[in-house]
Amino acid sequence: MSTPKFLALTIKEPKQKTPLTLESYEEPDLGSGEFLVQNVAVAQNPVDWKQLDWDYGVPSYPWTNGGDLAGRVYKIGPDVTKFKPGDRVIAFASRKTPRHSAYQTYTVALENRTVKLPESVSFEAGSTIPLAYTTAGAGFIDALELPFPSLDGPLPAKPNGEPILVWGGSSSVGLYAVQIAKLAGFTVIATASPRNFDYVKSAGADHVFDYNDSDVVEKIRAAAGNNLSRVYDSISENGSIENAVKSITAPSGRVAVILPPKPDASTSTVKVIQTGAIKASQNPDIGKAVYGLLEAALAKGIFVTNKVKVIPNGLLGVNAGFELGRTHKVSGEKLVYRIAETPGLN
Ligand SMILES: NC(=O)c1ccc[n+]([C@@H]2O[C@H](COP(=O)([O-])OP(=O)(O)OC[C@H]3O[C@@H](n4cnc5c(N)ncnc54)[C@H](OP(=O)(O)O)[C@@H]3O)[C@@H](O)[C@H]2O)c1
């Protein structure tokens, strides 16, 4: 085995304006339930560049961030029972220290936030899943209070005749909200730009409407009939929450949102509830259900993953990817970095 190179994309100061650079680090120690993953591909989420630009959620500098990784287990720490060196895995990085983050060559991963990645799914596609999927799954249980797709019955479950709306079905989070809802047996109504209609339908949406149409809410209400009581708003800004509330046709309902809503977002009949990926780590039962379904769905090959757009230059390409995120140039796809393409690594 060749000598490992421990290199991390490093944020050196709050709101750093200069490109992030690679810094070396020592092989990290492993605590209980931890293991080291040799990353093959890592994926970008909006929170990554927001964290840098807004100096948000960084306890100290220098820092390395990134939530999504795919790779091979390199070394096992104490009390790890589910994984062994060489296993292909995807993990939702805990980001509790720089060494627990994704934008580096090796990440300390946690057993309860990692699932095996079947050979049938590439590392690039696999890396796009954890954060967005976990957000969608946790919100489904926590904010919408819906039963999660059961692993004991058929997947997808028998249709239950109930509609659900996913606002922003082509977003990373929305694509998984669509799939989870479909696996649970719902009739799925979604919104997206017309260029992404087929993509969202391929994930299981039964009806997709253009969120830019002035009469989008009327179209949703007409498709839903009179029992739409649940909305997963995977955008939660630019008027989506107001539209989500107006789309409810049942006498009362719940809207799950993943960014802070305005204080008066709820009405007398519709509750707007903020949720997020964090709910899966705060509540072990939610975590167990969410990661359990992910592993089962991957193994059965019934999961549509986000479209991958590989940005060149490996970890150093993240600087260009953050710029694409900031300028809203990410549409219906996920930016992915191949670690092996990082200059100076080989
Ligand atoms: N709380 C949490 O735990 C958590 C976790 C993950 C993400 N988030 C937040 O959730 C948001 C989405 O994250 P993401 O990773 O899913 O984003 P993303 O994949 O980068 O979202 C891009 C997509 O959003 C769609 N979109 C943009 N504005 C829309 C609108 N008004 N209505 C419907 N669709 C719209 C676009 O669809 P078209 O191209 O089809 O137009 C585009 O494909 C971000 O603000 C992120 O910070 C929060």
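These entries record what I looked up in a predicted model, beginning with its ligand and going on to its strands.

**Entry 1: the shell around the ligand**

I began with the surroundings of the ligand and found 26 residues there, with S170, S172, S193, Y211 and S331 as the closest. Sorting this shell by class, I noted eleven nonpolar residues, 13 polar ones and two charged ones. I then looked up which domains take part, and the shell draws at least three residues from domain 1 (7-129 + 305-341) and at least three from domain 2 (133-280).

**Entry 2: polar atoms facing the ligand**

Next I went through individual atom pairs, starting with S170, which is among the closest residues and has a polar side-chain atom 2.6 Å from an oxygen atom of the ligand. For I258 I found a polar backbone atom, and this lies 3.0 Å from a nitrogen atom of the ligand. At A277 the backbone again supplies the atom, an N or O that lies 2.9 Å from an oxygen atom of the ligand. I also looked up how far the ligand is covered: taken alone it exposes 930 Å², and the protein buries 83% of that. The elements that give two or more residues to the shell are α1 (46-54), α3 (130-142), α4 (172-183) and β9 (187-192).

**Entry 3: the parallel sheet**

Since β9 had come up in the shell, I followed this strand into its sheet, which is open and made of six strands in the order β10-β9-β8-β11-β12-β13, with parallel pairing. Which strands stand at the edges? They are β10 (207-210) and β13 (270-274), and because each has a single partner strand, one side of each is left without a neighbour in the sheet. Neighbouring strands of this sheet are turned by 20° against each other on average, with direction ignored. Looking at one pair within the sheet, I found that strand β8 (residues 163-167) runs parallel to β9 and is joined to it by four bridges, and that V166 has A190 in β9 as its bridge partner.

**Entry 4: antiparallel pairs**

Last, I turned to strand β4 (residues 68-76), which pairs with strand β3 (residues 34-43) in the antiparallel sense over eight bridges. As one position to find in this pair, I noted V42, which stands opposite L69 in β4. Strand β4 is also joined by five bridges to strand β5 (residues 88-92), and these two run antiparallel as well. Here I noted G71, whose bridge partner in β5 is V89.

How values were computed:
Residues are numbered from 1 along each chain as its sequence is written. This is a predicted model: local features need pLDDT of at least 70, side-chain atom pairs count only at pLDDT 80 or more; totals for chains, interfaces and linings use all residues. Side-chain values use heavy atoms; hydrogens and water are left out. A residue is near a molecule or strand if one of its heavy atoms lies within 4 Å of it. A polar contact is a pair of N or O atoms within 3.5 Å; within protein, one must be able to donate a hydrogen and the other to accept it, and residues adjacent in sequence count only if both atoms are side-chain atoms. Accessible areas come from the Shrake-Rupley method with a 1.4 Å probe; for residues, only the protein chains shown count as cover. Ala, Val, Leu, Ile, Met, Phe, Trp, Tyr, Cys and Pro count as nonpolar, Asp, Glu, Lys and Arg as charged, and the others, Gly among them, as polar. Domain bounds come from an automatic or database domain assignment. Two strands pair if DSSP finds at least two bridges between them. Axes are lines fitted to C-alpha atoms, for helices over the stretch in contact, and angles run from 0 to 180 degrees between N-to-C directions.
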